[in-house]
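Biologist: Could you take me through one part of this model up close? I'm new to this, so plain words would be great.

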Amino acid sequence: MNDTIHLDADAVLRRFAEEREKRLRPEGFGQYLRLTEDMDRDPWTVRQERPPVADHVTFTFVGGGWAGLLTGAELAKRGIHDVRIIDRAGDFGGVWYWNRYPGVMCDSPAALYLPLLEETGHMPSMKYAFQPEILEHCQRIGRHFGLYDKALFHTSVERAEWDEAARLWRITTDRGDSFTSTYLSLGLGFFSTPKLPGIPGIETFKGKAFHAARWDYAYTGGSPADPRLDRLTDKRVAVIGTGATAIQCIGPVSETAKELYVFQRTPSAVSPRGNGPVDEAWFRSIATPGWQKRYNDAYVRDWTGLWGQPFSLEPSLDPLDDDFAKFAARLRSVILSVPAEIRNPVTVKAALDKASVEIVSEVHEYIRGMVSDPDTAEKLLPWYRPLCKRPTFNDDYLHAYNRPGTRLVDTDGKGVEAITETAVIANGTEYPVDCIIYASGFEFAKDPLRALKFEVLGVGGVDLRSRWAQGVRSLHGLHTRGFPNMFTVQLAQGADFAANVPTGWQDAGETIALIVDHMRQQGLSRVEVEEADELAWSQQIAATPPMPDTRDCTPGLLTFEGGTDPRIALLSGVPEGPRGFFAMMAGWKWSGDFAGLEFQQ
Ligand code: NDP
């Protein structure tokens, strides 16, 4: 135990509240801007001209990230290969296609995060994989399951319309494509739209400016595979934002930039990463048939209960020695430390408060130990509960502040004040820079309508936007009344964050594939959710209390920037949590009854 743990817990909790108050903004999501067309260009693949398609396919999936790949793979496993995946990117990968900034990696262990390892025969090279390996794995899945054959890249759907008479979807795109599809699935991602801070004067800056998700290696030097940014040696660089993206890219930038100013509104909680190569003998020893599902189940189980769902009393498994899992195990043991006979939301909250103070104090101690300038170290200390914002893990970020050219500009929760033609202004001081890198995040599309940028017209021409105007309505997050033969693969009303994102998408893909396979075998042509089942499911979701530990959080994407729109209640996952959801879905989909769905010949 360290000294800081003896901090006055009440004082720390008061500080959490004060820091939150500083950051609450009435504009919520409205404080952000979308990228200009110029900033949003694809830096990675040259757009190829191609003739428009005008054919029919069995299945169309909009979105080429994990959701599309895993649904395509599950369909292919059942012999359904007539699948078209569409994406505005130049290849598969979703966030891993776009985000190639230096240092980008995934914080879930690769053995878990990279799906279908058994099927594709890949062994991860590192405990935590860097982006090039993850993107390669997306491409590997695409090749392995034949998903490239009909894919359309650099293509944006403009409209999808249900044709009741023909019982199919009519789909048009910005490339002049006009084709039909028996089924339509939307997997639009929840981090697909980068955002910029709405800082006064942002449009006036005359130097180089880009979002981290559209990294400009021509300007910085280096490449995703070799992130030595050798063209920054004579440049003054600003990074705006200190979230998970910034934590990863600031190390490489600070190594070469002549001057680096990091503009901080809220510090991230940073812990050590401890990455390393995967030991082949170890991997072979665990990779027995069915291993990845077993490991996934253990991971999901370890996280269950932390957001107020029924709590699993089983001991933690953590077979991959993962830091996220350790974190979950720690919180679980805190909850279990409350005697069963008095364990209730109030006593559990009190125990978690105590643990939050301890965990935050430990993070503080780590930061103080890593950063040599005490004033900078103090400014880097996070003051919020551990689950309010995403914890980060990195061995290079804090060290960056020990390099002579790197300077933290903390704004005490206020953010950057203004941008001029040549400088960033914060705390009344002007910082002249040659380049601004926006590590300012993404529109958090837990509300799937935020990611939907085209018309989806169901029965009678009803637009999905108007159908969901008062909030998402679905069965299992997948089926919406009035939108036959359509599946939405997204976070709301299902497993929610399944601790490891691809786990949720794989489960959804399997469900979809089983329904489509069932219809093929039974000669059915139309499926739609029953109205009463959709209503009951959505009502159950709306009645789910919000995650208890985030109600008094500092604002951020996990808390909808402090928003209070009542439609947020419909964006929760099921009350049983991911584990309960997957168990329920397994029974539902494998029974072959598909209760709540209405099938027609
Ligand atoms: P975030 O939304 O987490 O961070 C955006 C940053 O920009 C925040 O620090 C925010 O401050 C700051 N900001 C916004 N407006 C201003 C302003 N006006 N002035 C100064 N700073 C400002 O985006 P990220 O891209 O970092 O991460 C998004 C998500 O992507 C993560 O939560 C994670 O889920 C995922 N991700 C996962 C990774 C992994 O697995 N390793 C790596 C990277 C991302 P404030 O906090 O005050 O809002």
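Which element gives the largest share of the shell around the ligand?

Modeller: That would be helix α8, which supplies three residues of the shell, the largest share. Keep in mind as we go that this is a predicted model.

Let's stay with the ligand for a moment. There are 26 residues around the ligand, and the ones that come nearest are Thr245, Gln248, Arg265, Thr266 and Lys389. If you sort the shell by class, you get 13 nonpolar residues, nine polar ones and four charged ones.

Now zoom in on the atoms. The side chain of Thr245 has an N or O atom 2.6 Å from an oxygen atom of the ligand. The backbone joins in too: a polar backbone atom of Thr242 sits 2.9 Å from a ligand oxygen, and for Gly243 a backbone N or O atom is 3.3 Å from an oxygen atom of the ligand. How much of the ligand ends up covered by the protein? On its own the ligand would expose 920 Å², and the protein buries 87% of that.

Next, follow the chain on either side of α8. Helix α8 covers residues 244-256, and the chain passes through it on the way from strand β9 to strand β10, making a β-α-β crossover that is right-handed. The two strands of that crossover also pair with each other: β9 (residues 236-240) and β10 are parallel, with five bridges between them. To find one spot where they face each other, look for Arg236, which stands opposite Glu259 in β10.

Strand β10 has another partner as well. It is joined to strand β13 (residues 406-410) by five bridges, and these two run parallel. Here you can pick out Val262, with Leu408 of β13 opposite. Is β10 mostly covered or mostly open? Mostly covered: this strand spans residues 259-264, and five of its six residues are buried.

If you'd like a contrast in strand direction, scroll further along to β14, β15 and β16. They make an open sheet of three strands in the order β14-β15-β16, and the pairing is antiparallel. Strands β14 and β16 are at the edges with a single partner strand each, so one side of each has no neighbour in the sheet. As background, strands of a sheet pair through backbone hydrogen bonds, and they can do that either parallel or antiparallel.

Walk through that sheet strand by strand. Strand β14 (residues 418-419) meets β15 over two bridges, with Ile419 partnered by Val424 in β15. Three residues sit between these two strands, which form a hairpin. On its other pairing, β15 is linked to β16 (residues 429-432) by four bridges, and Ile425 has Glu430 of β16 as its bridge partner. That pair is a hairpin as well, with two residues between the strands, and Asn427 in the turn has a positive phi of about 50°.

Finally, check which way the residues of β15 point. Ala423 and Ile425 go one way, Val424 and Ala426 go the other way, and all of them are buried.

Technical notes
Residues numbered from 1 in each chain as written. Predicted model: local features only at pLDDT ≥ 70, side-chain atom pairs only at ≥ 80, totals over all residues. Heavy atoms only, no water. Buried < 20%, exposed > 50% of the residue type's maximum accessible area, 1.4 Å probe, protein only. Pairing = 2+ DSSP bridges. Right-handed = clockwise from strand over helix to strand, strands pointing away. Near = heavy atom within 4 Å. Polar contact = N/O pair within 3.5 Å; in protein donor to acceptor, adjacent residues only side chain to side chain. Areas by Shrake-Rupley, 256 points an atom, 1.4 Å probe, with all protein chains shown as cover. Nonpolar A, V, L, I, M, F, W, Y, C, P; charged D, E, K, R; others polar.
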